[in-house]
Amino acid sequence: MANVDSAQSAGKKNVKALAGKYLTFDLGKEEYCIGILKVREIIGLMEITAVPHTPRYIKGVINLRGSVIPVLDLRSKFDMDPKEYTERTCIIVVEVKGESEAVLVGMIVDSVSEVLNIIEAEIEPPPTFGGDAVETDNFLGMAKIKGRVKILLDTDKVIGATGLGRLAMV
Amino acid sequence: MVGAEQSVNGLLDDMAVKIMMIEPGDLSSVGELLEVLEQLTAHEDMASQAVLQRMACAFQAALQDLIMAELPDTAESYQQLAECISRMQEVKRNRDDQRAVAAFCSHLHSIGCRIDPAGLVAGQQGAAGAAGRDDNNDPAFLRDRELLECFIDEAGEYLASIEANVLELEKEPGNSEAVNAIFRAFHTIKGIAGSVSLPEISSLAHAVENLLDEVRSGRISMDADVIELVLAVDDSLKLMVAHVQDVSEHGVAYQPAPIDGQLALISSLLGGKCGSSRPAPDEASMPAKAPAGEEPPPSPPAAAGVPDFMKDSDLLSGFISEAFEHLETIELNVLELEQNPNDQEIINNIFRPFHTIKGVSGFLNLMTINRLAHATENLLDDVRNGKLAMNSGIIDIVLGVGDFLRTMIQNLSDVLEKGQEYYQQYDINDFLARIKICQEGSGAGLAEEPVQVVAAAPPVQETWAPRPAADPPAGEPPAPAMKTVEAGVAAAGPPQKKNIDAAIKVDINKLDGLVNAVGELVIMQTMVRHNPLIASLSDPKLNKDFSQLTRITTELQKTAMSMRMVPIRQTFQKMTRLVRDLSKKTGKLVNLVMDGEETEIDRNMVDSIYDPLVHMIRNSVDHGVQIPGERRKRGKPEAGTVRLSAYQKGGNIIIEIADDGEGLNTEKIRNKALERGLIQPGGSYSDHEINNLIFLPGFSTADKITDVSGRGVGMDVVKKGVEKLRGRVELQSTAGEGSLFLMHLPLTLAIIDGIVVGVGAERYIIPTIAIRESMRPKMENYNTVQGKGETLLVRDSLLPIIRLYHVFGVADACTDIGQGIAVVVENEGRQRALLVDELLGKQEVVIKSLGGYMKDIKGVAGGTILGDGRVGLILDLAGLISVSEEMGPGHLNRLNAIQE
């Protein structure tokens, strides 16, 4: 019990810092948010060059105006059912922590919806689920807005170097 | 502030005492004297005493000439200079004492300094003309334009950094790092300004430096007043430097800026804030410098025990990096000196860096380094003054000292990075003793006894004779003219004297960014041009514009690339030293001849070609060139020749290392290879193939391992190193005549020549340098081993097949050997046949990292943007081969499974 309490109070503390502007996007029926400051740009789907010997969710690399950046499929990363790419499918280019410096990574999502200002009162720490079916580490918290729940994604954890480890090891 | 506390009389007295104590050859004391003089010229009371001020400037010029060895550094000179000081004291007492001024001039005359008494009294603009070499009364600082340009360049940088740091400090007043940075910048400006004879700038910087020193030691707080003042000084220094630049570039008349106001402000701040009870400020600023002038021997090294130099790590790291540069200069010049032992200019070039190292190390309290450098400096000074003849012994000592200093400084840098426990005490007594023996041996202890110097005067004169301007009786008008001519020739003549053009330092990342962006531009341009819609237009204007655009982008690309290129000269010159040491060690006579040092290579490659070069040179000297006796028997000149040349051929830089020695002993290599089971007995191998075995790791035919070579590591290192740069090594050898190594290196690391191949829908780039050939395989050459391992027979050798689509998991690729293309690639001596669908063409591609964390993917060296804007992967053959080996010969099993 004590554990849960301390976890929650730690969560509460974090919540304060979480208020701010978020970009929201959809994966299936779920809505996710990422801090707007992390987002570099949103681009339409483009041709992706597959890179061998990488995890399944790494779709490959793209040419982002002259730089080569990796792209991953967020559905695939979350072990969700794959979905055909449509014209609403897009790549959100985010800046995440790499091994030594910030790096750009693209993530494929079903569609982007809007930019929201989320206030402190709307944010709750992520719930705990039994077992390890859901890695709550990947989430900063949940936001309840107009009766809908949005999941705040910790991009550094999900697709940063710490989340993916060294791809070479795969 | 020094000037305010000490009167002009006090300073003059101080100078009089100092000059009495100077002994010939002790240039550091002259430096101290110059400092006092600087204070004098900057003194506020001096403004009203124009004559004295001009005398001081003339005196200063004379001292500087002395340091630069333009005037003889003898007891006689110092005596005359001491007289000059007495005359200045007289002038101070009786204002404008004409006789004293005349006497002053004649004293300077007597040591070879031309001076115009009328000019001193009448007050022509600047006292510089008094030094006598510029007929047109140019300000003193114009004498050495190269130095001046350097100063203007650097001062600008320092002033900008001061401003930035002050602003930082304003935000964060307690930031001692910023104070230190500002202090250092002013200190440097002071130093250089002094050396180019800009007394106003120097004294203003000096005053601020004193102020900041007080701030640093906490006696004055860094408040708004101080910040305001520092900024104001910074601004006026900027103006002054700009004015100096105008003077030097556009010939504007020089007008010394009034600095008294600011000096007074500074002294009021100094006086007001810390009260008059504080200790004499000059003592506060001097002790750090005192060790530099301290007589080096014979105090035991214990004095240097505690690494208290760690206190200011920034200063120290600056010292370390500069010292390394100086040591490099020393080495280069010593080697040059070996060729021309009597070239005074080269000796000076060696002397100066030692002098600098000595000074800075003394300042940092690195006494071991300081003493060693000082002793060497003295030795060189004796050589310079003709007391000692340059011989190989001295050259060895100087080189040895250079190496030893490098070790010590390297150690310092380790200490700085890793912590104090790495600090090591070095014993320099051996060197000091050797230097002493050298000095006494041939110089008969002249340095110690000034009495004998007089006796030794004639030889001194003789050595000076070749420098016409320094010696002839003073007052002759042609002398200065000759001097200028000589200087002009010197500046234009030898190619190693670089003109200092306006240059800026650029962050290498920005440069890489530019190169990349230009690469993209070129690709985009091709894309636009080949856009079907545009390609279908047949407008002559459009075509013309396109070709113009192409020309511009090509030019832009060339320029961008050239910014990263540096001449290979420096790398080559390091080899000179190596050959020299090797030939000493092996007792062989070797001449190193160098060609094409101006050939440029990518600066990122400079470090990487050093090791391979060292090994190849070692190999040539140790195994190639024979000992003199042996060479005589063969009818060759006793001294062997190693030729190092570089040139550009096609898209490659080629470096050749040729020797006229023994050549490879193919028989010996064959036997060794048989012994080690590297070749089959009875197999037929060409000599060329056998010779190339020396590139295998651990292969050596040397009967005994020397400390030069023989462990069989060398050639392997060469091959690996060169291949890492995407180059290759070739070997040609004729028994008895010599051998030739050719290193083919790409022009730049950023771009490679590649063949684009298609596999299914994917495009891959194979580096051209690795490709041997490509063909459509014939089924009769196709064999399987145990029904699994596939091989292809290509020119009598069986090559394992790598199916690229299999290794990379590409769908829809051509799986039929007979329908695909086999590309024969070689990596580290291993050949493989890569099966691909088709060859799509040759292309120069800009290498890019795959970004993010996708760095170490086996088989992929990087990515590039192809002509259509897609990303193509560049194959890394070493990785690819090892991946295919790990995966095992699974191709057929899988194929069978599919067929079933």
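**In which handedness of crossing does H26(B) pass H27(B)?** The two pass in a right-handed crossing, and the first view below shows the pair. This is a predicted model, where local features need pLDDT of at least 70, side-chain atom pairs count only at pLDDT 80 or more, and totals for chains, interfaces and linings use all residues. Residues are numbered from 1 along each chain as its sequence is written, while chains are lettered from A and ligands numbered from 1 in the order in which they are written.

**View 1. Helices H26 and H27 of chain B, side by side.** Helix H26 (residues 569-586) of chain B and H27(B) have axes that come within 10 Å and cross at roughly 30°. That makes the two helices roughly parallel. Helices here are DSSP runs of H or I with at least four residues, strands are runs of E with at least two, and both are numbered from the N terminus. Axes are lines fitted to C-alpha atoms, for helices over the stretch in contact, with angles running from 0 to 180 degrees between N-to-C directions. Under 35 degrees counts as roughly parallel, over 145 as roughly antiparallel, 65 to 115 as roughly perpendicular, and the rest as oblique. Right-handed means the near helix is turned clockwise from the far one by less than a right angle, and left-handed means anticlockwise. From H26(B), the contact residues include Met575(B), Leu578(B) and Leu582(B), and from H27(B) they include Ile609(B), Leu613(B) and Ile617(B); contact means C-beta atoms, placed from the backbone, within 7 Å. By class, the contact has 11 nonpolar, three polar and two charged residues. Nonpolar covers Ala, Val, Leu, Ile, Met, Phe, Trp, Tyr, Cys and Pro, charged covers Asp, Glu, Lys and Arg, and the others, Gly among them, are polar.

**View 2. A five-stranded open sheet in chain B, with helices across it.** The strand order is S2-S4-S5-S7-S6, and the pairing is mixed. Strands pair if DSSP finds at least two bridges between them. S2 (590-595) and S6 (728-734) of chain B sit at the edges with a single partner strand each, so one side of each has no neighbour in the sheet. On average, neighbouring strands are turned by 15° against each other, direction ignored. Inside the sheet, S5 (residues 652-659) and S7 (residues 738-746) of chain B run antiparallel and are joined by eight bridges; Ile655(B) has Met743(B) in S7(B) as its bridge partner. H27 (residues 603-624) of chain B turns up again here, lying across S2, S4 (640-649), S5 and S7 of chain B at about 175° to S7(B). Helix H31 (residues 714-724) of chain B lies across S6 and S7 of chain B, at about 140° to S6(B).

**View 3. Helices H16 and H17 of chain B, packed together.** With 20 residues, H16 (residues 344-363) of chain B reaches 28 Å from first C-alpha to last, close to the 28 Å expected at 1.5 Å a residue; the expected span is 1.5 Å times one less than the number of residues. Just after H16(B), Asn365(B) takes a positive phi of about 65°. H16(B) packs with H17 (residues 367-384) of chain B at about 155°, axes 8 Å apart, which means the pair is roughly antiparallel. The crossing is left-handed. Among the residues that meet are Phe351(B) and Phe354(B) in H16(B) and Ala373(B) and Leu380(B) in H17(B). The contact residues divide into nine nonpolar, seven polar and four charged.

**View 4. Helices H5 and H6 of chain B.** H5 (residues 75-93) and H6 (residues 98-110) of chain B have axes that come within 9 Å and cross at roughly 165°, so they are roughly antiparallel. Their crossing is left-handed. Among the residues that meet are Cys84(B) and Met88(B) in H5(B) and Phe104(B) and Leu108(B) in H6(B). That contact has eight nonpolar, three polar and three charged residues.

**View 5. Strands S11, S12 and S13 of chain B.** S11 (residues 782-785) and S12 (residues 789-794) of chain B pair in the antiparallel sense over four bridges, with Thr784(B) opposite Glu790(B) in S12(B). S12(B) also pairs with S13 (residues 797-803) of chain B, antiparallel over four bridges; Pro800(B) in S13(B) is the bridge partner of Thr791(B). S12(B) and S13(B) form a hairpin with two residues between them, and Arg795(B) in the turn has a positive phi of about 45°.

Conventions: Two residues are in contact if their C-beta atoms, placed from the backbone, lie within 7 Å.
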